[in-house]
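Please open the structure in your viewer and keep the selection tool at hand. The tour proceeds from one selection to the next.

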Amino acid sequence: MSLLTEPVGVSHFLVVGAVMFVTGAICMATKRNALGVLMGIELVLNGANINFVAFGSKYLREESLGLDGQLIALFVIVLAAAEAAVALAIALSFYNNHATIDVDQADELKG
Amino acid sequence: MLNAINWHSFLFLLFGGMSCFFALGVLLSSNVVRMAFYLIVSLTATAGLFFLAGAKFVGAMQIMIYVGGTLVLLIFGVMLTAQAAFVSMKTKSSDWVLASIVGASLFALLFVAVVSVEDWRVPREDQSALTVTEGESATLLGWSLIGIRVDKEEQPDPQLQSGMSGYLLPFEIISIHLLVVLIGAAFLARTKTIVFHGSAPARVFSMSYSDIYFSWNGRAPREIFWLHGVIVLKAIYILAAAIDWFLIPNDFPLLTAENGANGLGWLTVIVALLLIYPAIVIRIKRWHDRDKRGLWVLLPFIPVIGVIWEIVELGFLRGTVGTNRFGEDPLQ
């Protein structure tokens, strides 16, 4: 009940960020579909973004990062968009050449 | 009972729970279509968390760029590759065991670190006294992206004052980065050749973009000359001049020195210089099509007559019928 009546602090946001980060990391490690790996990366970036925004929030902490947190979060969003575009292009190119999207099949560079 | 509820915390629990729950859904589902849907819900709930933390602009961007752009892209990727065999791919159970051990220990580490700092755990005491206007950050963000930190102009330490210059440089770098990345992505995902239907329906003429714009070997039909040599190159030049004229103000302090007042700014000059090479190689291929050597590109240096001659011969006259010394007839 205390979570409902007490105001939230930075820690609460950080826990959500940690859950998303860990979920994304496991996604990247276990998914066999290249697009699943990509989704894991998006989750990781979002988990980090929650931390930046939480540390930059005036509502949660008196001595906050201020605008810097929000600006970094914006940069991360743009980087994520760029990364998704390139990764998707690579995945599609791989799919066109190999007729599969399974990352385990992409082992041509094995020594 | 209802009065005791802190609605900020309630909404935080709602959005935070949704974020975590659907993130776990992405992880545990093996169907890629469902994973994409769960990811959309999770990231939208994250935008709700941003709003709750007072970052309205970032929250709006999260919805617009992430949910509206990146995820639509991902869903297109899912649709383009959704063959029956790849919709649902199971992970080996040994992978699951290993990944959950690593993940659980990573989460335990993060969790302990997060809750052990007193300053992070204790909420701001006067939180209820804060007004909505405290979160008005869109204007401040805009200022700092063009290099002015309105929120931190009173920096007493002169050593740190130079660090208050805002984010103009990172903003420029990330803009160029995004442009380069998108061009690269379009190049990677492109279809390999473009196809023209010539006069003979049996044979299909094709020429890759790199052949058209960068190679001076072979022959090119009139279509290439008009479409690529004239329309595309002129359009790029006009676009550059328009950007120079309308988007780069002449009194912008960083650019005043180079930017001429007549609209022929530095961007136009650079683009014009870059366009010379493709313009020349397209003309060379067209001269080859007329069974003449590439040196004929120098023809426009003859005043008036040279230019008219070039337009008539390259733009309107058909190349030699059949194979000539420069290659096969592109129209047969």
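Begin by selecting Val26(B) in this predicted model. Apart from residues up to four places away in sequence, Val26(B) touches Thr23(A), Cys27(A), Met39(A) and Leu43(A) in chain A, and Met35(B), Tyr38(B), Leu39(B) and Ser42(B) in chain B.

Next, extend the selection to the largest nonpolar core, which has 70 residues. Within this core, Val26(B) and Ala53(B) touch the most other members. At least two core residues come from each of α2, α3 and α4 of chain A and from each of α1, α2 and α3 of chain B. Select α4(A) in particular: this helix gives the most to the core, with 15 residues. A second, separate core has 10 residues, including Trp287(B) and Leu314(B).

Now display the contact between the chains, to which chain B brings 76 residues and chain A brings 69 residues. On the side of chain B that touches chain A, which helix gives the most residues? It is α3(B), with 14 residues. By class, this side of chain B has 52 nonpolar, 19 polar and 5 charged residues.

Finally, select Arg32(A), in the loop between α2 and α3 of chain A. Is Arg32(A) buried, exposed or partly exposed? Because 18 other C-beta atoms lie within 10 Å, Arg32(A) is partly exposed; a buried residue would need 20 or more. Beyond its neighbours within four places in sequence, Arg32(A) is in contact with Asp102(A), Val103(A) and Asp104(A), and also with Met89(B) and Thr91(B). Select Ile101(A) as well: its C-alpha atom is separated from that of Arg32(A) by 8.1 Å, although the two residues are 69 residues apart along the chain.

Notes. Residues are numbered from 1 along each chain as its sequence is written. Chains are lettered from A and ligands numbered from 1 in the order in which they are written. This is a predicted model: local features need pLDDT of at least 70, side-chain atom pairs count only at pLDDT 80 or more; totals for chains, interfaces and linings use all residues. Two residues are in contact if their C-beta atoms, placed from the backbone, lie within 7 Å. Helices (H or I, at least four residues) and strands (E, at least two) are DSSP runs, numbered from the N terminus. Ala, Val, Leu, Ile, Met, Phe, Trp, Tyr, Cys and Pro count as nonpolar, Asp, Glu, Lys and Arg as charged, and the others, Gly among them, as polar. A residue is buried if 20 or more other C-beta atoms lie within 10 Å of its own, exposed if 12 or fewer, and partly exposed in between; C-beta atoms are placed from the backbone. A nonpolar core is a set of buried Ala, Val, Leu, Ile, Met, Phe, Trp, Tyr and Cys residues joined through C-beta atoms within 7 Å.
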